[in-house]
Amino acid sequence: MSRPGNVVNVGFVGCGSVMNGPYMSLARELRERGRIRTVAACDVDPERARATGERHDIPWVTTDPREIIDSPDVDAVLILTSMPEHGSLALAALEAGKHVLVEKPMAVTLDEAAKLVQVAKESPGHLVCAPAVILSPTYQDMWRHIARGDIGRVHLARARYGWAGPWWGKWFYRSGGGPLFDLGVYNVASLTGWFGPVQRVTAMAGTATPERVVDDELIKVEVEDNFQILLDFGDATFASITTGFSMQAYRGPAIEVYGSKGTVQMMGDDWAPAGYELWQNDAGAWKIHGDRNPRWPWTDGLRHLIDCIDNDVAPLITPEHAYHCLEVMIKAIDAGRDGQTRTVESTFTPPAFDLGDDRQDAHLVHAPER
Ligand SMILES: NC(=O)c1ccc[n+]([C@@H]2O[C@H](COP(=O)([O-])OP(=O)(O)OC[C@H]3O[C@@H](n4cnc5c(N)ncnc54)[C@H](O)[C@@H]3O)[C@@H](O)[C@H]2O)c1
């Protein structure tokens, strides 16, 4: 395994849309800077594996993830497959002593996720679980306002992320898929990052579009694709999440956080923020803050994992937080089916940042660099 300061040898498992697009875009940058080598790529579809290797200059391709996981030439494994495969592949890679980044959710059952949390504690490798929303400058700026009490005591929040839904990957519409694991997960991670563990969850859920054309085939949608979720954080603090493959467009803020002295709201989406707006009663006006890094990529968990390996420090995104998000989502799905509110058992320590304001003056943000 790579030691701090060494170039990290990365192997990819799953060569679909996100690997070939957003992940390789960041990986190329890290490769050019000499921070990683992209040594291997795996997909169960041999043609995808071959084409990916050729397109991105990855010397070794395979259809067997075990070969990458067991290879002494690979330090870090990126699990970018369809969601039901995440848990078992991440577990195998951690058990083999690798550093692991796993796309969201970390697993699709709590048993599998609990095993991952346990093994991550004992294994020499780091485990970074997407989504990486807490790493964005806008998320952290908003965290500072909330933590410093700039908007007073927070008792309500509203979050939303959805779109019309993918036309590729039938697994998105089958058990272990769905928009809550795929999209709402970002909102769950943001809200719990700011407010800490959820105590109770309830939801309404249904299938808005029962049939779709996916990969050029008409398929039956087997999961709920439309959700309204309510979260109770205790102390009369509540949040709602609206998510689904049932939205065509929107223009409002992704997340609004309402405090006793003001409001802070994230523009854009929490996976691609576009700054935030702050209302404080004292000021009596909205302040509009541009994004400190409009190029911040939602794949930033990869850069973070490499930084953590280099500096030999634990990732800011913890497996316990990812587990908590999964419990909230699984219980929201259950609540959507029987209408009953669920108690959330798990807990975690929310990420904390420097309270000081380290914003670069907005007028000096000219050519933002990573
Ligand atoms: N599509 C997006 O915009 C997006 C954004 C953020 C995160 N994600 C997450 O990224 C992951 C991948 O999404 P995608 O859109 O690229 O899906 P995709 O269907 O395009 O790609 C998944 C790939 O994984 C391969 N695969 C499945 N099982 C495998 C196994 N056991 N070993 C090796 N390869 C295997 C499939 O053959 C496929 O090529 C999902 O977890 C998704 O939630 C997707």
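# Notebook: two sheets, some helices and a ligand

I started with Lys 331, which I found in helix H9. A reminder to myself: this is a predicted model. Is Lys 331 buried or exposed? Its relative accessible area is 15%, and the cut-off for buried is under 20%, so I put Lys 331 down as buried. Then I looked up what touches Lys 331. Skipping its neighbours within four places in sequence, I listed contacts with Val 201, Arg 342, Thr 343, Val 344 and Glu 345.

**Entry: the nine-stranded sheet**

Next I checked where H9 sits. H9 lies across strand S8 (200-206), S11 and S17, and runs at about 55 degrees to S8. Those strands belong to an open sheet of nine strands, in the order S16-S15-S14-S13-S7-S12-S11-S8-S17. The pairing in this sheet is mixed. At its edges I noted strand S16 (285-289) and strand S17 (342-343), each pairing on one side only.

I jotted down a textbook point here: strands of a sheet pair through backbone hydrogen bonds, either parallel or antiparallel.

Then I went through some of the pairs. How many bridges join strand S11 to strand S12? I got seven, between S11 (residues 226-232) and S12 (residues 238-244), and the two run antiparallel. For one exact match, I looked up Leu 231, and its bridge partner in S12 is Ala 239.

S7 and S13 are antiparallel too, with five bridges joining them. Leu 156 stands opposite Tyr 258 in S13. I followed Tyr 258 onward and saw that Tyr 258 also stands opposite Thr 263 in S14. Four bridges join S13 to S14, again antiparallel, and a hairpin of two residues takes the chain from S13 to S14.

I also found a helix against this part of the sheet. Helix H6 (residues 137-147) lies across strand S7 (154-162), strand S13 (255-259), strand S14 (262-269) and strand S15 (272-280). H6 runs at about 20 degrees to S15.

**Entry: the six-stranded sheet**

In what order do the six strands of the open sheet with parallel pairing come? I wrote down S3-S2-S1-S4-S5-S6. Strand S3 (60-62) and strand S6 (127-129) stand at the edges with a single partner strand each, so one side of each has no neighbour in the sheet. From one strand to the next, the twist averages 20 degrees.

I looked closer at one pair. Three bridges join S2 (residues 36-42) to S3, running parallel, and Cys 42 has Thr 62 as its bridge partner in S3.

Helix H1 (residues 17-32) lies across strand S1 (8-13), S2, strand S4 (76-79) and strand S5 (99-102). H1 runs at about 150 degrees to S2.

**Entry: helix H5**

H5 covers residues 110-122, which is 13 residues. From first C-alpha to last, H5 reaches 19 Å, close to the 18 Å expected at 1.5 Å a residue. Its buried residues are Ala 113, Leu 116, Val 117, Val 119 and Ala 120. They pack against helix H4 (86-95), S6 and helix H9 (319-338).

My side note on spacing: an α-helix has 3.6 residues a turn, so residues three or four places apart point the same way.

**Entry: helix H8 and Arg 303**

How many of the twelve residues of H8 are buried? Eleven, so I wrote that H8 is mostly covered. The buried ones include Leu 302, Leu 305, Ile 306 and Ile 309, and also Asp 300 and His 304. Among the elements that cover them are S1, H1, S2, S4, S5 and S6. The length works out as well: twelve residues at 1.5 Å a residue should span 16 Å, and the end C-alpha atoms are 16 Å apart.

Arg 303 sits in H8 (residues 300-311). At 19% relative accessibility, Arg 303 counts as buried, because the cut-off is under 20%. The side chains of Arg 303 and Asp 307 share a polar contact of 2.5 Å. Just after H8 comes Asp 312, with a positive phi near 55 degrees.

**Entry: around the ligand**

Last, I looked at the ligand. Which of the 26 residues around the ligand come nearest? I got Val 18, Asp 43, Arg 48, His 86 and Trp 171. I then noted three distances to ligand oxygen atoms:

- Lys 104 has a polar side-chain atom 2.9 Å from an oxygen atom of the ligand.
- Trp 168 has a polar side-chain atom 3.0 Å from an oxygen atom of the ligand.
- Thr 81 has a backbone N or O atom 3.2 Å from an oxygen atom of the ligand.

Definitions and conventions
Residues are numbered from 1 along each chain as its sequence is written. This is a predicted model: local features need pLDDT of at least 70, side-chain atom pairs count only at pLDDT 80 or more; totals for chains, interfaces and linings use all residues. Side-chain values use heavy atoms; hydrogens and water are left out. Two strands pair if DSSP finds at least two bridges between them. Axes are lines fitted to C-alpha atoms, for helices over the stretch in contact, and angles run from 0 to 180 degrees between N-to-C directions. Contact means heavy atoms within 4.5 Å. The expected span of a helix is 1.5 Å times one less than its number of residues. Buried means under 20% relative accessible area, exposed over 50%, partly exposed in between (1.4 Å probe, protein chains only). A residue is near a molecule or strand if one of its heavy atoms lies within 4 Å of it. A polar contact is a pair of N or O atoms within 3.5 Å; within protein, one must be able to donate a hydrogen and the other to accept it, and residues adjacent in sequence count only if both atoms are side-chain atoms.
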